[in-house]
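Q: I am new to this structure and would be grateful for a close look at one part of it. Please take a single helix and explain how it is placed among its surroundings.

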Amino acid sequence: MTSIHQDQDYLLWQDVREGSIKSFHILYERYWETVYKSALKRLRNHDQAQDITQDIFANLWLKKAELQIANLPAYLHVSVRNRVLNLFERERRYIPFEQLIHDNIQLHGDSADAVALRNDFLQAYHTLVDTLPVQRKKIFRYYFEEGLSTDEIAQKLSLSRKTVQNQLGRAVSYLRTNLSQLLVLYILIK
């Protein structure tokens with residue numbers, strides 16, 4: 001996005017904050033497709049992506065007086081990400097890592113070698129979880145092993161919900177990266 005567009009967005013947003021429906025429509029027309037595509041890419045569901053898009057723009061209008069937005073595309077990007085995460089949490093789309101490993105790693109069926117390989121992989125998973133920083137490990141275990149919501153974890157650890165979500169995201173990213181590398185090594189060795 002060029003500086004000119006950012007400047008235009010900022011001026012349009014200032015008009016929106018003062019109640020200009022025309023400026024709001026200009027911003028809506030400029031960004032609705034970007035927001036929709038971003039939500040669709042994450043959700044792979046047209047209706048949910050449409051709902052999130054409408055929700056984000058409705059929220060912009062309803063909270064226009066409160067919101068201080070310097071970079072509208074960045075704000076919209078973060079809004080999509082947060083709404084998708086909230087939706088996932090409501091639907092409990094997160095599946096315990098051990099279940100994913102058991103369900104998705106079917107290396108050569110149930111032969112003795114495949115069972116040994118899965119067991120080695122699970123051991124590597126547990127070792128990686130143990131290497132997480134103490135607080136991140138607690139959050140990860142509360143969420144994936146005990147099934148607590150991010151709100152419940154935040155209350156239990158006296159943290160903000162956002163902090164819990166960030167720590168959970170970092171833990172998942174770390175494990176996904178390292179476990180996928182291990183899986184490639186195991187397959188190559190096999």
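The answer below takes helix 3 as its subject and then turns to the surroundings.

A: The model is a predicted one. As a setting for helix 3, the protein contains 9 helices and 0 strands, and from the N terminus on its elements read α-α-α-α-α-α-α-α-α. The protein has 190 residues, of which 36% are buried. Where contacts join residues at least 6 apart in sequence, 60% of them connect residues at least 24 apart.

Helix 3 covers residues 46-62. The helix is made of 17 residues, and the distance from its first C-alpha to its last is 24 Å, close to the 24 Å expected at 1.5 Å a residue.

The approach to helix 3 comes from the loop that joins helix 2 to helix 3, where R44 is found. R44 has a phi near 55°, a positive value in a residue other than glycine. Most residues other than glycine have a negative phi. R44 is also exposed, because its relative accessibility is 73% and the cut-off for exposed is over 50%. N45 then caps the N-terminal end of helix 3, with a side-chain oxygen 3.0 Å from the backbone nitrogen of D47.

Along helix 3, the buried residues are Q48, A49, I52, T53, I56, F57, N59 and L60. These residues lie on the same side of helix 3, because the arc they cover around the axis is only 165°. On the face turned away from that buried side, helix 3 carries the exposed residues D51 and L62.

The buried side leads to the largest nonpolar core. This core has 24 residues, and F57, L60 and L76 are the ones that touch the most other members. Helix 1 (3-17), helix 2 (21-43), helix 3 and helix 4 each contribute at least two residues to the core. Helix 2 makes the greatest contribution, with 8 residues. With residues up to four places away in sequence left out, L76 touches Y31, V35, I56, F57 and L60. Of these partners, I56, F57 and L60 are among the buried residues of helix 3. Another core lies apart from the largest one; it has 19 residues, including L128, F140, A171 and L175.

Helix 3 also takes part in a salt bridge. The side chain of D55 meets that of R83, with 2.9 Å from N to O. D55 belongs to helix 3 and R83 to helix 4 (residues 72-91), and the pair links distant parts of the chain, 28 residues apart. Neither end of this bridge is buried, because buried means under 20% relative accessible area: D55 is partly exposed at 40%, and R83 is partly exposed at 24%.

The bridge between D55 and R83 belongs to a structure that holds 5 salt bridges. Two others may be set beside it. In one of them, R141 pairs with D130, and the closest N and O atoms are 2.7 Å apart. R141 is in helix 7 (residues 134-144) and D130 in helix 6 (residues 112-131), so this pair ties together parts 11 residues apart in sequence. R141 is partly exposed, with a relative accessibility of 27%, and D130 is partly exposed as well, with a relative accessible area of 44%. In the other, D151 and R161 form a salt bridge whose closest N and O atoms are 3.1 Å apart. D151 lies in helix 8 (residues 150-157) and R161 in helix 9 (residues 161-189), so the parts tied together are 10 residues apart in sequence. D151 counts as partly exposed at 41% relative accessibility, and R161 counts as partly exposed at 28%.

Helix 8 offers a companion case to helix 3. The residues T150, I153 and A154 of helix 8 are buried. Seen down the axis of helix 8, these buried residues fall within an arc of 100°, so they line one face of the helix. S158 follows helix 8 and has a positive phi, near 55°. The position of S158 is in the loop between helix 8 and helix 9, and S158 is exposed, with a relative accessible area of 67%.

In summary, helix 3 keeps its buried residues on the same side, supplies at least two residues to the largest nonpolar core, and is linked to helix 4 through D55 and R83.

Notes:
Residues are numbered from 1 along each chain as its sequence is written. This is a predicted model: local features need pLDDT of at least 70, side-chain atom pairs count only at pLDDT 80 or more; totals for chains, interfaces and linings use all residues. Side-chain values use heavy atoms; hydrogens and water are left out. A salt bridge is a side-chain nitrogen of Lys or Arg within 4 Å of a carboxyl oxygen of Asp or Glu. Helices (H or I, at least four residues) and strands (E, at least two) are DSSP runs, numbered from the N terminus. Buried means under 20% relative accessible area, exposed over 50%, partly exposed in between (1.4 Å probe, protein chains only). A nonpolar core is a set of buried Ala, Val, Leu, Ile, Met, Phe, Trp, Tyr and Cys residues joined through side-chain atoms within 4.5 Å. Contact means heavy atoms within 4.5 Å. The arc is that of the directions from the helix axis to the C-beta atoms. The expected span of a helix is 1.5 Å times one less than its number of residues. A polar contact is a pair of N or O atoms within 3.5 Å; within protein, one must be able to donate a hydrogen and the other to accept it, and residues adjacent in sequence count only if both atoms are side-chain atoms.
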